[in-house]
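Thank you all for coming. I would like to take a few minutes to walk through one model, and I suggest that you keep the structure open while I talk.

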Amino acid sequence: MTIQDRTRWEPRHEAQKAGEPRASVTRLAPAPAGALALDLACGQGRNTRALLAAGYRVVALDISLNALRHLRSLEAGGAARTLCVQADVDCWPLRPAAFDLVVLSDFLDRRLYSTLRAALRPGGQMLIDTFVDLGHPNAEGPSNPDHVLRPRELSRVFRDFEILEDSQQDGPTARALFRARKPANRR
Ligand SMILES: C[S@@+](CC[C@H](N)C(=O)[O-])C[C@H]1O[C@@H](n2cnc3c(N)ncnc32)[C@H](O)[C@@H]1O
């Protein structure tokens, strides 16, 4: 999928877009000392910057080099706490139990669910804030159903996690926000 995704996304990231971070990310509690977050398909890093502000060290991964260039140029004090990775999510190996927080915002790849579950440390949090299919065309979200959540899909995928937040917001752009904690005794 690398070539097609990259071809599609590089032009979209040519121009720098400031972009406000998602409220779900800015609302996160301050990071525990030394905590490591993964911002998967981070784009130009609007959420990466909010994670840095919350005190996380961040692995920011995206397939688009243009996006990561903007992220690097916007970074100041956070640069030393950010590892930018240009890679295809489908190919980049995620180490099990490596992250205290995994963030997926405006991005969905169902094939990653089990890898992402495993990539969280026991007690770590999964945060997914993206588009959901509530039965009508989504004004801003992707048209491909592979990239849009089904209603309440995540509470099934993460049913063994402690669910901290699970909401859906209808409207022209229907969105879901899901936050859950991996059990402390689960590897
Ligand atoms: C809608 S943007 C969301 C960016 C960011 N998460 C945000 O909320 O601002 C989707 C991002 O997914 C990235 N992407 C698409 N396919 C990818 C893949 N196979 N591997 C890594 N990143 C990918 C794109 O380059 C783009 O930056």
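Before I come to the pocket I should say how the elements are named: helices, of at least four residues, and strands, of at least two, are DSSP runs that are numbered from the N terminus. Please also keep in mind that this is a predicted model.

Let me begin with the largest pocket, which holds about 1000 Å³ of space. Of the 38 residues that line this pocket, the closest to its centre are Trp9, His13, Ala41, Ser105 and Asp106. Which element gives the most to the lining of the largest pocket? That is H1, with four residues, and among the elements that each supply at least two are helix H1 (2-12), strand E1 (36-40), helix H3 (46-53), strand E2 (57-62) and E5. When the lining of the largest pocket is sorted by class, it has 14 nonpolar, 11 polar and 13 charged residues.

E5 deserves a closer look. Nine of the 12 residues of this strand, which covers residues 120-131, are buried, and so E5 is largely enclosed by the rest of the structure. On one side of the pairing story is strand E4 (residues 99-105), which runs parallel to E5 and is joined to it by six bridges; as an example, Leu104 has Ile128 in E5 as its bridge partner. E4 and E5, together with helix H5 (residues 113-119), make a right-handed β-α-β unit. E5 also pairs with strand E7 (residues 175-181), here in the antiparallel sense and over seven bridges, and Gln125 has its bridge partner, Arg181, in E7.

E7 brings me to the aromatic residues, since the structure holds three aromatic pairs. In the pair of Tyr113 and Phe158, the ring centres are 6.2 Å apart and the planes stand at 75 degrees, so this pair is edge-to-face. Because Tyr113 lies in helix H5 whereas Phe158 lies in the loop between H6 and E6, the pair ties together parts that are 45 residues apart in sequence. Are these two residues buried or exposed? Both Tyr113 and Phe158 are buried. Phe158 also pairs with Phe178: their ring centres are 5.6 Å apart and their planes are at 35 degrees, so that pair is tilted. Since Phe178 sits in strand E7 and Phe158 in the loop between H6 and E6, this second pair ties together parts that are 20 residues apart in sequence. For the accessibility of these residues, the cut-off for buried is under 20% relative accessible area; Phe158 is at 0%, and Phe178, at 1%, is buried too. Through ring pairs, Tyr113, Phe158, Phe161 and Phe178 are linked into a cluster.

Phe178 appears once more in my last topic, the internal space. A search of the whole structure finds one cavity of 30 Å³ or more, and the largest cavity has a volume of about 50 Å³. Its lining includes Phe178, along with Val132, Leu149, Arg150 and Ala176 among others. Helix H6 (153-157), strand E6 (162-169) and E7 each supply at least two residues of this lining, and H6 gives the most, with three. By class, the residues lining the largest cavity divide into five nonpolar, two polar and four charged.

Note on methods. Residues are numbered from 1 along each chain as its sequence is written. This is a predicted model: local features need pLDDT of at least 70, side-chain atom pairs count only at pLDDT 80 or more; totals for chains, interfaces and linings use all residues. Side-chain values use heavy atoms; hydrogens and water are left out. Buried means under 20% relative accessible area, exposed over 50%, partly exposed in between (1.4 Å probe, protein chains only). Two strands pair if DSSP finds at least two bridges between them. A crossover is right-handed if, with the strands pointing away from the viewer, the path from the first strand over the helix to the second runs clockwise. On a 1 Å grid over the protein atoms alone, a cavity is a set of points where a 1.4 Å probe fits but cannot get out, and a pocket is an open set with protein on both sides within 12 Å along at least five of seven lines; lining residues have an atom within 4 Å of a point. Grid points are joined across faces, edges and corners, and a volume is the space filled by probe spheres set on the points. Ala, Val, Leu, Ile, Met, Phe, Trp, Tyr, Cys and Pro count as nonpolar, Asp, Glu, Lys and Arg as charged, and the others, Gly among them, as polar. Rings of Phe, Tyr and Trp (its six-membered ring) pair if their centres lie within 6.5 Å; planes under 30 degrees apart count as stacked, over 60 as edge-to-face and the rest as tilted.
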